[in-house]
Amino acid sequence: MKSTITYLKPVSLLTKLFGGIVFLFAFVVIIFFNYLFGFFMLSFGIYLASSEGSQINFDTNKFRNIWSIFGIHFGKWVTNPKYEYISVFKGKQKQRVNSLGASTSFSDEVYLVNLFHDRNQHKTFYRTFDKEDAFKVAHHFKLAMDLNILDATEPKQKWLD
């Protein structure tokens, strides 16, 4: 029985489709026109069609951060520590945009699902902008790994049943 949990950052179908078309069209450009521009288009198509995420394999007790393109996952497996609990944490994600000498920053709330081990060490397994989605993933881990969930989304933290 293969027991691997995989979570990928969602990418819209339209973005994946556009990335796939750019990827295929890049080969035409490489063959008939310009190698350099074709390889640029190829890398841009791969970027659009790809996603990031994480995997845990319970059969081999391994974890990896992955980069996925067209359903193929890349990443290095490392041995899992003994996890103690799951935490859903609310944080801020900042992004800076520079253009033509002007600069601005955006800040979004992000929810992190962390797996804690060795008292205060953690691995961030999942990141989302939706609180319900974060708790759904945490509950999935609770069932799969028999761990407790700590709700750290509010100033007063609480354990969930």
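## Strand E2, mostly tucked away

Seven of the eight residues of E2 are buried, so the strand is largely enclosed by the rest of the structure. Keep in mind that this is a predicted model. E2 runs over residues 50-57, and it makes a handy thread for this report, since its name comes up again with the neighbouring strands and with both pockets described below.

## Who pairs with E2

Start with E1, residues 4-8. E1 and E2 run antiparallel to each other, and five bridges hold the pairing. Two of the facing positions are worth finding on screen: Leu8 sits across from Gly53 of E2, and Thr4 sits across from Asn57 of E2. The side chains of E1 take turns along the strand: Ile5 and Tyr7 go to one face and are buried, whereas Thr4, Thr6 and Leu8 go to the other face and are not. So what makes Ile5 and Tyr7 count as buried? The label calls for under 20% relative accessible area.

E3, residues 62-69, is another partner. E2 and E3 are antiparallel too, with eight bridges between them. Within this pairing, Gln55 has Arg64 of E3 as its bridge partner.

## The E2-E3 hairpin and its odd phi

The hairpin of E2 and E3 has four residues between its strands, and one of them to look at is Asn61, with a positive phi near 55°. Most residues other than glycine have a negative phi. Asn61 is not a glycine, yet its phi is positive. How accessible is Asn61, which sits in the loop between E2 and E3? Asn61 counts as partly exposed because its relative accessibility is 37%, and that label covers values between the 20% and 50% cut-offs.

There's a further case at Asp146, again a residue other than glycine with a positive phi near 55°. Asp146 belongs to the loop between helix H3 (131-145) and strand E9 (148-152). With a relative accessible area of 71%, Asp146 is exposed.

## Asn57, at the end of E2

Asn57 is part of strand E2. Is Asn57 buried or exposed? Asn57 is buried, because its relative accessible area is 12% and the cut-off for buried is under 20%.

The side chain of Asn57 comes to 2.8 Å from the backbone nitrogen of Asp59. Look past the neighbours within four places in sequence, and Asn57 has contacts with Ser3, Thr4, Lys62 and Trp77. Thr4 has turned up already, as the residue standing opposite Asn57.

## The largest pocket

The largest pocket holds about 470 Å³ of space. It is lined by 18 residues, and those closest to the centre are Lys9, Glu52, Gly53, Tyr126 and Arg127. Gly53 is the E2 residue that faces Leu8 in the strand pairing above.

Which elements give two or more residues to this lining? They are E1, E2, E3, strand E6 (83-99) and strand E8 (121-128). E8 is the top contributor, giving five residues. By chemistry, the lining of the largest pocket splits into eight nonpolar, seven polar and three charged residues.

## The second largest pocket

Next comes the second largest pocket, with a volume of about 240 Å³. Its lining is made up of Lys9, Val11, Thr15, Tyr47, Leu48, Ser50, Ser51, Glu52 and Trp67. Lys9 and Glu52 are also among the residues closest to the centre of the largest pocket.

Helix H2 (35-49) and E2 each give at least two residues to the lining of the second largest pocket. Which element has the largest share there? That is E2, with three residues. Sorted by type, the lining of the second largest pocket has four nonpolar, three polar and two charged residues.

## Tyr47, on the helix side

Tyr47 is one of the residues lining the second largest pocket, and it lies in helix H2. Tyr47 counts as exposed because its relative accessibility is 58%, and the cut-off for exposed is over 50%. For a sense of distance, Tyr47 and Phe70 are 23 residues apart in sequence, and their C-alpha atoms are 11 Å apart in space.

Technical notes
Residues numbered from 1 in each chain as written. Predicted model: local features only at pLDDT ≥ 70, side-chain atom pairs only at ≥ 80, totals over all residues. Heavy atoms only, no water. Buried < 20%, exposed > 50% of the residue type's maximum accessible area, 1.4 Å probe, protein only. Polar contact = N/O pair within 3.5 Å; in protein donor to acceptor, adjacent residues only side chain to side chain. Contact = heavy atoms within 4.5 Å. 1 Å grid on protein atoms, 1.4 Å probe; cavity = no way out; pocket = protein on both sides within 12 Å on 5 of 7 lines; lining within 4 Å. Points joined across faces, edges and corners; volume = space filled by probe spheres on them. Nonpolar A, V, L, I, M, F, W, Y, C, P; charged D, E, K, R; others polar. Pairing = 2+ DSSP bridges.
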